[in-house]
Amino acid sequence: MASSPRTTRPAAEPAPDVFDDEALQDDLDAEAELDQLGEQGLDDDIAEQAGLDIDFEGPTANSRVKHGVEVIRAFWQTLPNGPGVYRMIDADDGVLYVGKARSLKKRVASYARGVGHSTRILRVIAETARMEFVTTQTETEALLLEANLIKQLKPRFNVLLRDDKSFPYILLTGDHVSPQLTKHRGARNRPGDYFGPFASVWAVNRTLNALQRAFLLRSCTDSYYENRTRPCLLHQIKRCSGPCTGEVGHVEYARLAAQARDFLRGKSKGVKAQLAADMQKASDELEFERAARYRDRLAALSAIQGSQDINPQNTEEADVFALHEEAGQFCVEVFFFRNFQNWGNRDYFPKADKTTPATEVLAAFIAQFYDDKPPPRLVLLSHEIDERTLLEEALTATAGGRVEVNVPKRGEKRDLVEHAAKNAREALGRRLADTSSQQKLLGAVAQAFGLPTAPRRVEVYDNSHIMGTNAVGGMVVAGPAGFSKAHYRTFNIKSEELTPGDDYGMMREVLKRRFSRLMKENPRDAAAAAQAPERERDIGEMPAWPDLVLIDGGRGQLDAARQTLEEIGLTDVPLVGVAKGPDRDAGRETFFVPGRDPFKLAPRDPALYFIQRLRDEAHRFAIGTHRAKRKREFTKSPLDEISGIGPARKRALLLHFGTAKAIARASLDDLARTPGVNAATAKAVYDHFHEGRG
């Protein structure tokens with residue numbers, strides 16, 4: 001698709017074999033620009049010519065921009081005219097900006113002029129120390145590669161899609177005689193029918209529950225299914241027809257699966273009509289109990305459709321994107337419609353410079369959004385974007401079928417876009433209100449603990465264990481935008497020298513590992529500290545270093561934390577210990593700050609409630625991580641201890657024998673007859689369970 005990146009000046013592209021008027025015109029335009037820029041000197045006041053007021057730290061704005069222009073011109077002179085992707089990189093090898101171009105030479109020439117740019121682009125030029133290029137065969141390939149690199153490298157000055165989690169799907173499996181109805185994430189490798197995406201796990205779970213009531217399909221795993229000897233609880237509460245024990249025949253179960261498949265494909269009228277006919281027939285035959293079951297299934301289907309508001313009548317499959325901008329922030333609302341049904345929505349808040357045009361934000365967002373997701377046949381937008389045709393070509397290439405990108409002007413599709421735009425406006429309003437309230441609370445925290453300014457990054461630490469076993473440490477992070485879950489971290493307590501249950505030792509290990517790594521990855525030298533606040537304010541990033549560290553504990557925990565940081569050379573990180581009140585009552589916490597006597601906050605102080613929220617979130621996160629680790633230990637299989645037994649062979653053994661105990665009791669011949677297990681593996685398993693026996 002594309003050649004390897006080049007960090008040196010690229011060689012000139014060979015002349016095309018076939019005469020191309022458009023390519024020839026590009027060559028002539030580029031040569032004209034080369035001559036013009038070659039004769040043109042670098043003006044003494046680039047920033048003034050651009051009509052912009054730029055305040056750079058250190059060297060003057062003009063000298064930094066001029067230096068960046070010189071760097072760009074040096075790379076520009078030998079660039080080819082073909083399509084490709086370029087990267088602008090700073091002196092620390094950090095990627096500043098990733099862009100695509102139909103003609104690399106013409107696009108980079110626009111930067112080499114040094115004038116007529118927005119403040120954001122001038123800042124990019126000023127910090128550019130070198131450039132890298134990747135040539136592609138087509139502009140469509142360049143667009144796809146650009147989206148991939150932006151998501152991978154997260155350049156400071158690009159529009160960035162945040163909270164890019166995979167979407168859940170509903171899977172009706174196709175590799176079993178009794179298909180399973182289940183939730184699915186990730187690669188779609190298992191045979192079957194996938195329905196989605198759904199906007200949230202909650203939407204999938206709600207739909208799955210109703211589908212189980214309506215079609216009585218199993219949700220259990222294949223291994224659980226194979227080892228049942230009597231129906232499970234789901235059959236008793238009429239959520240499964242019980243194919244595992246023959247409560248329903250394979251033919252009848254296949255009919256239920258076909259009905260579920262038709263319903264999820266949008267053929268709901270036919271499915272409901274058939275159920276209504278079956279109900280009427282059962283009633284006519286005086287089989288009122290069977291008629292009641294059909295009635296309950298119809299009610300479940302109605303519940304699914306009733307909870308999906310604004311189901312379109314004429315739009316079978318579409319994703320709807322609506323963007324709203326306010327106070328320098330952006331919100332993109334995405335609605336998913338499949339099979340004439342609304343399968344939920346999600347709001348995103350992409351990171352972009354406040355001077356970036358809304359159409360550019362939306363175009364960049366969509367390209368990144370579909371980088372790892374299959375697009376539908378129709379994509380509806382709230383704004384006209386410059387490269388709509390190019391985006392259509394790119395999405396069509398990834399989807400393997402025709403994808404239309406449209407900005408509807410009237411009718412049902414326009415109503416869908418307007419509904420999404422309303423949701424985007426309301427979501428951004430809530431976020432701005434929350435951010436304002438959060439900023440006030442952070443200001444109150446600064447006042448309570450004597451900080452010079454409101455903290456932009458607060459880290460809270462807590463440990464969790466049971467008698468020293470499965471010990472973990474948790475770190476949660478909060479800032480002006482609330483909890484930043486992308487920055488949460490867990491620490492498995494590794495030291496073998498700790499006494500089980502030594503909370504102080506655990507805290508020392510967590511903080512030493514956290515801040516030693518932070519010092520290595522983000523050195524806190526004077527120059528970096530001077531530039532970081534300006535840089536973070538420009539692009540809205542969470543700072544790397546905390547402005548306040550809260551420790552869940554009293555004087556002892558605080559002293560352990562302070563001593564640990566002093567040992568690694570840190571004495572200026574604000575530390576606060578939060579000790580629970582008598583009987584662990586919320587609202588009666590005592591606070592410990594180095595150099596001050598212990599103190600309490602007023603019972604109705606907003607800062608107190610805010611700190612309680614932070615402390616409780618850290619507690620929840622640490623306990624949740626500990627429980628997950630403990631559960632993994634409980635469910636650990638003896639097969640995990642056998643060298644050379646991977647997931648596939650482990651699955652084959654469990655499917656054949658049912659349990660690990662049955663595998664342990666099996667003879668060598670029985671193990672060797674297991675499908676998918678060779679003789680060497682069978683011998684390894686047998687020896688593991690029979691080692692030392694006579």
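An open sheet of three strands, in the order β5-β4-β6 and with antiparallel pairing, is a good place to start in this predicted model. Strands here are DSSP runs of E with at least two residues, helices are runs of H or I with at least four, and both are numbered from the N terminus. Two strands count as paired if DSSP finds at least two bridges between them. The edges of the sheet are β5 (181-184) and β6 (192-195), each of which pairs on one side only. Ignoring direction, neighbouring strands of the sheet are turned by 30° against each other on average. β4 and β6 run antiparallel and are joined by four bridges, and L171 has Y194 in β6 as its bridge partner. On this sheet packs α7, touching β4 and β5, with a direction that makes about 175° with that of β5. For such angles, axes are lines fitted to C-alpha atoms (for helices, over the stretch in contact), and the values run from 0 to 180 degrees between N-to-C directions. Contact means heavy atoms within 4.5 Å.

A word on ground rules. The model being predicted, local features need pLDDT of at least 70 and side-chain atom pairs count only at pLDDT 80 or more, while totals for chains, interfaces and linings use all residues. Residues are numbered from 1 along each chain as its sequence is written, and side-chain values use heavy atoms, with hydrogens and water left out.

Two loop residues next to these elements deserve a look for their backbone. K154, in the loop between α6 (139-153) and β4 (169-173), has a phi near 50°, a positive value in a residue other than glycine. K154 is exposed, at 54% relative accessible area. L216 also has a positive phi, about 60°, although it is not a glycine. This leucine is found in the loop between α7 (201-215) and α8 (222-226), and with 18% relative accessibility L216 counts as buried. The cut-offs are under 20% relative accessible area for buried and over 50% for exposed, with partly exposed in between (1.4 Å probe, protein chains only).

Further along the chain, β13 (residues 469-479) is mostly covered, with ten of its eleven residues buried. β13 runs antiparallel to β12 (residues 458-466), and eight bridges join the two; V460 is matched with V476 in β13. β13 also pairs in the antiparallel sense with β15 (residues 489-492), over four bridges, and here G474 has T490 in β15 as its bridge partner. Two more bridges tie β13 to β14 (residues 482-483), again antiparallel. There, G479 stands opposite G482, and a hairpin of two residues joins β13 to β14.

On to the cysteines. The structure holds zero disulfides (a disulfide being a pair of cysteine sulfur atoms within 2.5 Å). C240 is in no disulfide, and its nearest cysteine sulfur, that of C232, is 5.6 Å away. C240 is buried, at 9% relative accessible area. C244 is in no disulfide either; the nearest cysteine sulfur is that of C232, 6.0 Å away. C244 is partly exposed, with a relative accessible area of 22%.

As for empty space inside the protein, the count comes to three cavities of 30 Å³ or more. A cavity is a set of points on a 1 Å grid over the protein atoms alone where a 1.4 Å probe fits but cannot get out, and lining residues have an atom within 4 Å of a point. Grid points are joined across faces, edges and corners, and a volume is the space filled by probe spheres set on the points. The largest cavity has a volume of about 70 Å³. Its lining is made up of L143, L144, A147, A367, Y370, D371, L391, A394, L395 and T398. α6 and α14 (388-399) each supply at least two residues of that lining, and α14 gives the largest share, four residues.

Zooming out, the protein chain has 23 helices and 18 strands. Buried residues make up 46% of its 694 residues. Among contacts in the chain with a separation of 6 or more, 65% are between residues 24 or more positions apart.

Terms used. 1 Å grid on protein atoms, 1.4 Å probe; cavity = no way out; pocket = protein on both sides within 12 Å on 5 of 7 lines; lining within 4 Å.
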